[in-house]
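Reader: I should be grateful for a close look at one part of this model, namely its open sheet and the elements that accompany it. Please set out the strand order and pairing, and then place that part in the context of the rest of the chain.

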Amino acid sequence: MTKGMYEVAVSLIQMFDDLELKENGNKTSKVQFVSERSSVLVFLPGLGEINYMHGLLTNMVHKRLQVYPLHSSVTLEEQNNVFLSPVPGYRKIILSTNIAESSVTVPDVKYVIDFCLTRTLVCDEDTNYQSLRLSWASKTSCNQRKGRAGRVSKGYCYRLVPRDFWEKCIPDYVVPEMLRCPLGSTVLKVKLLDMGEPRALLATALSPPGLSDIERTVLLLKEVGALAVGGQREDENPHDGELTFLGRVLAQLPVSQHLGKLVVLGHVFGCLDECLIIAAALSLKNFFVMPFRQHLDGYRNKLNFSGSSNSDCLALVEAFKMWQACRQRGELRRPKDELDWGRLHYIQIKRIREVAELYEELKSRVSQFNMCVDPRRPILDPEYPYKQRFILQVVLAGAFYPNYFTFGQPDEEMVVKELAGKDPKTTIVLKHIPPYGFLYYKQLQSLFRQCGQVKSIIFDGAKAFVEFSRNPTERCKTLPAVYMAVKMAQLKVSLELSVHAAEDIEGRVQGGVVSKLRNTRVNVDFQKQTVDPMQVSFNTLDSSQPVADLLLTVDVTEVVEVGHFWGYRTDKRNAELLQKLAAEINRLELVPLPAHPHPDMVCLAPFSEFDKKSYFRAQILYVSGNSAEVFFVDYGNRAHVDLDLLMELPCQFLELPFQALEFRICKMRPSARSLVCGEHWSRRASRRFASLVRRCALLVKVFSVVHGVLHVDVFCYCGALDTVNIRDILISEGHAELAEESYESQQSHEALKGLFSTSVESMAAASAPSAGKDDEKRLIQMLLQSCASSRLGTPSCKAVLHGPFSPCELRCHSLTRISKFRCVWIDKESINSVIISDAPADLHQRMLVAASLSVNTTGSTMLLRETSLMPPIPGLPALLSMLFTPVMELRLDEEGKRYTGVLCGLGWNPATAAPILPEHDMELAFDVQFSVEDITEINILRAAINKLVCDGPNGLKYLGPERIVQLQDSARQKLLSLFCQLTPREKTIPKWHERPYEWNQVHPRLVMEQADCRGCQAKNTFLYRLHKLVVLSP
């Protein structure tokens, strides 16, 4: 749609006043006319066009228009606004998709403006993914739209197309659904009725689908597992296949094939209840509210529901279960209470009720196949919720195969340069900062208040680095505030500053002497309430935490997580410093806080030890009621304190650096078992680490200093003199594994080695501030005072900022052959629409699974919806692909001694030597080493799945409840042991096969067929065939 088309529509709306005046003639007075302006309904093809038109009309302030969007994604409350009478004197404009053609009737509409466009759901010819394509609406649809005008008075319809074009080019009717939509459900019903080959029966339809469409549908049903994969047989019919047990179930469920498979796999692995919720929720309109112009709040709410799962599907489960629990407790008895709860949690009550109805319907239908929700859960296993979450993530990957995506990792060196050494987990970048940008730091702080607490802003030329506050007692991960800020850029939230022209500033302050500050690097510290010039440093050593020695004896005061803790030095020099500081503070006449306490404020707080109460420097973590949790910045411990007991910290005590030290054990990451059995670290790992570091002095050897955190080797005393490395203990017990240090950490390590080869005094000299900075600081204060006292006058310009950006933001790409080089976008309502790397040094592939895919009109861009980011377990993408692919072929190195990768898909046809479904083939190169035992374990797990998803006398329908639970527990245990090996798989450099996507590359004498317990039957209808093993050379 061109800009000119929008302008024509806007001009028409402006002309309606004159039209109504002429129509009424002298019958109506000017006052009466102004108070009774008729409504306008504009038909647009999609939400993007509605947003653009909305922006054009809302900018016409003097025209007195009330503009309402009407689209399936807007909330029900917003949809109801279109029925309200406009404010007297205002004209109501409704911007709608074809939802207003027949689903919604607004009685007071007098004018219809029709662009004669629509978006039609079709199947992409190449990928078979659904696509909403922009196309001309049919004449029948346009006539239906015309009928929306004049329901209660005379009406007018304006079609924005030439008359000749309307008569010759606009189609009379829409294309039949059978010719443009997936045929999966239709083919399954044909197979269930056993009425012969699907193509023969469908050929008798009034509008028969093409033969290629039927063939593709059969292949896709084989990929899902609804039709059996017969292996590489020359006589296999590409137009038909045997119906599997899964296929019988799918034919009876009112959901898509992938969602039906999700339900069945949920039954296999003991998470049927959660899968029924997801299947019901994804089959209907999303019950999460993303209000028009309030998208950021809706996104934040959905993030809260997802927790650390990074999954839209798990967010749906959590929200649904919370709603169920509130209803069962009787908290939502009155309709008003339920609606208020929905508004508070950004959930549409009508839609979540519809999900509940479908959930009950699905539960009833699957019970006919002996699949029942088991209400029992292990009481004695504290790790059960985490294991259940991981198993559910694996089930999602199995159901939505092959919708797999992976990421390219950011270049660590470029990240450091882009952020000028700031922490990417807490910092975002803004560009196009105006000259003297530091004058507007309060405006900039207020722009990001909805994201989180701003700790500092560094202004560096045309860039600004906004750093958010991090709770020192929480795990080091990318802050939610960073995600929210990057989300603002994605939503194109306008960031404007009211500024003074640089020439005006220089002309009004001391004859232009301040011009040297135009691009000066300035640090605004909100915690210390200072605005200071910064020295440009080319030193890679972190000066925020000076190190006096590489070997320290420390006392641990706060364990954040395994390998991450706070403490303070116990040497004599530090002990004297802390005693002196405490004595000086407690000699003061303390005064209450001058302002209401808030997070990140530094103050004085009491701490009692041996019945003696003393005051110490502290940072407020959060305020709750009449108390606050504070963090003692010189010791590293925390406590709850009454607000009345908090006191003001004199300015001179802010200048002394905080003495508590933050430590992280270097070269270590959680093992797969820890990731699966806990929140990053398992409960057992946390308890073991706490037992090693508590109640004893530790010896730490500093490896590096990164963003104020000391990366160290930690030794605990074993016996009188012997020491043992805590990292080695955690690795040997399976809680952790070795990992590479980040680029910044390695650079800091080299700098520290060079520094301590000379002397500590040289470090102090190198970090000393230059004398010229005092003059700059004086000029900065003078400028700030001039701005505060209005000597510069009222800001006369607007500066539009670009960003925010994070150089660690990840972009994903598809693993399937046909989509590998297509552009991939994640739906803006998805939790994973913003993905930021927490560990750029970790080169192992991360994996994203999408519940549904669509492509744009040209097929160049894919849009992913309802996504789930898999845990960062090395080798996980390859394991999941091998576990759930119909057929695979292993790749070998030149010597045939190890596996280097795998080709996954439907295999190849021996008669033609061509791949059966080449579009969905996936070629993967291993980044960890897999053995014959790993492939055998995968086959054992596939066989375990088959036992719970099969027909016949030993099938699921004839199994008792106890036997089903026994088989489910066995499948769960096999799955967990496959991913959580005690000894981690060895890391390897990925090596791509020289002939990618080509099947039959292994010599037949190396291939070993796997016998299956049902292989002797005439009809091979189990869900997963066992993979062929490839024998390795000794």
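Author: The account below begins with the open sheet, turns to a second group of strands and a helix pair, and ends with the confidence of the model.

The model is a predicted one. Its open sheet comprises six strands, arranged in the order 14-13-10-11-9-30 with antiparallel pairing. At the edges lie strand 14, residues 530-533, and strand 30, residues 802-805, each of which pairs on one side only. Direction ignored, neighbouring strands of this sheet are turned against each other by 15 degrees on average.

Within the sheet, strand 10 (residues 454-460) and strand 13 (residues 522-525) run antiparallel and are joined by four bridges. One specific pairing concerns I458, whose bridge partner in strand 13 is N523. Helix 21, formed by residues 480-490, packs on the sheet and touches strand 9 (427-431), strand 11 (463-468) and strand 30. The direction of helix 21 makes about 150 degrees with that of strand 30.

A further set of strands is centred, for this description, on strand 16. Strand 15 (residues 551-561) is joined to strand 16 by six bridges, and the two run antiparallel. E561 stands opposite H564 of strand 16. The hairpin of strand 15 and strand 16 has two residues between the strands, and G563 takes a positive phi near 80 degrees there. Strand 16 is also joined by four bridges to strand 21 (residues 661-665), again in an antiparallel manner. In that pairing W566 stands opposite E662 of strand 21. Strand 16, residues 564-569, is mostly covered, with five of its six residues buried.

Among the helices, helix 13 (residues 272-283) packs against helix 17 (residues 349-367) at an angle of about 125 degrees, their axes being 8 Å apart. Because of that angle, helix 13 is classed as oblique to helix 17. The crossing of helix 13 past helix 17 is right-handed. Helix 13 contributes D273, L276, I277, A279, A280, A281 and S283 to the contact, while helix 17 contributes V355, L358, Y359, L362, K363 and V366.

As to confidence, the protein chain has a mean pLDDT of 87, and 91% of its residues reach 70 or more. Confidence is lowest in helix 28 (residues 760-766), with a mean of 49, and highest in helix 30 (residues 876-884), at 97. The pLDDT is below 50 over residues 1013-1018, a stretch that has four contacts in the model beyond near neighbours in sequence.

Definitions and conventions:
Residues are numbered from 1 along each chain as its sequence is written. This is a predicted model: local features need pLDDT of at least 70, side-chain atom pairs count only at pLDDT 80 or more; totals for chains, interfaces and linings use all residues. Side-chain values use heavy atoms; hydrogens and water are left out. Two strands pair if DSSP finds at least two bridges between them. Axes are lines fitted to C-alpha atoms, for helices over the stretch in contact, and angles run from 0 to 180 degrees between N-to-C directions. Contact means heavy atoms within 4.5 Å. Buried means under 20% relative accessible area, exposed over 50%, partly exposed in between (1.4 Å probe, protein chains only). pLDDT is the predictor's confidence in each residue, from 0 to 100. Angles under 35 degrees count as roughly parallel, over 145 as roughly antiparallel, 65 to 115 as roughly perpendicular and the rest as oblique. A crossing is left-handed if the near helix is turned anticlockwise from the far one by less than a right angle, and right-handed if clockwise.
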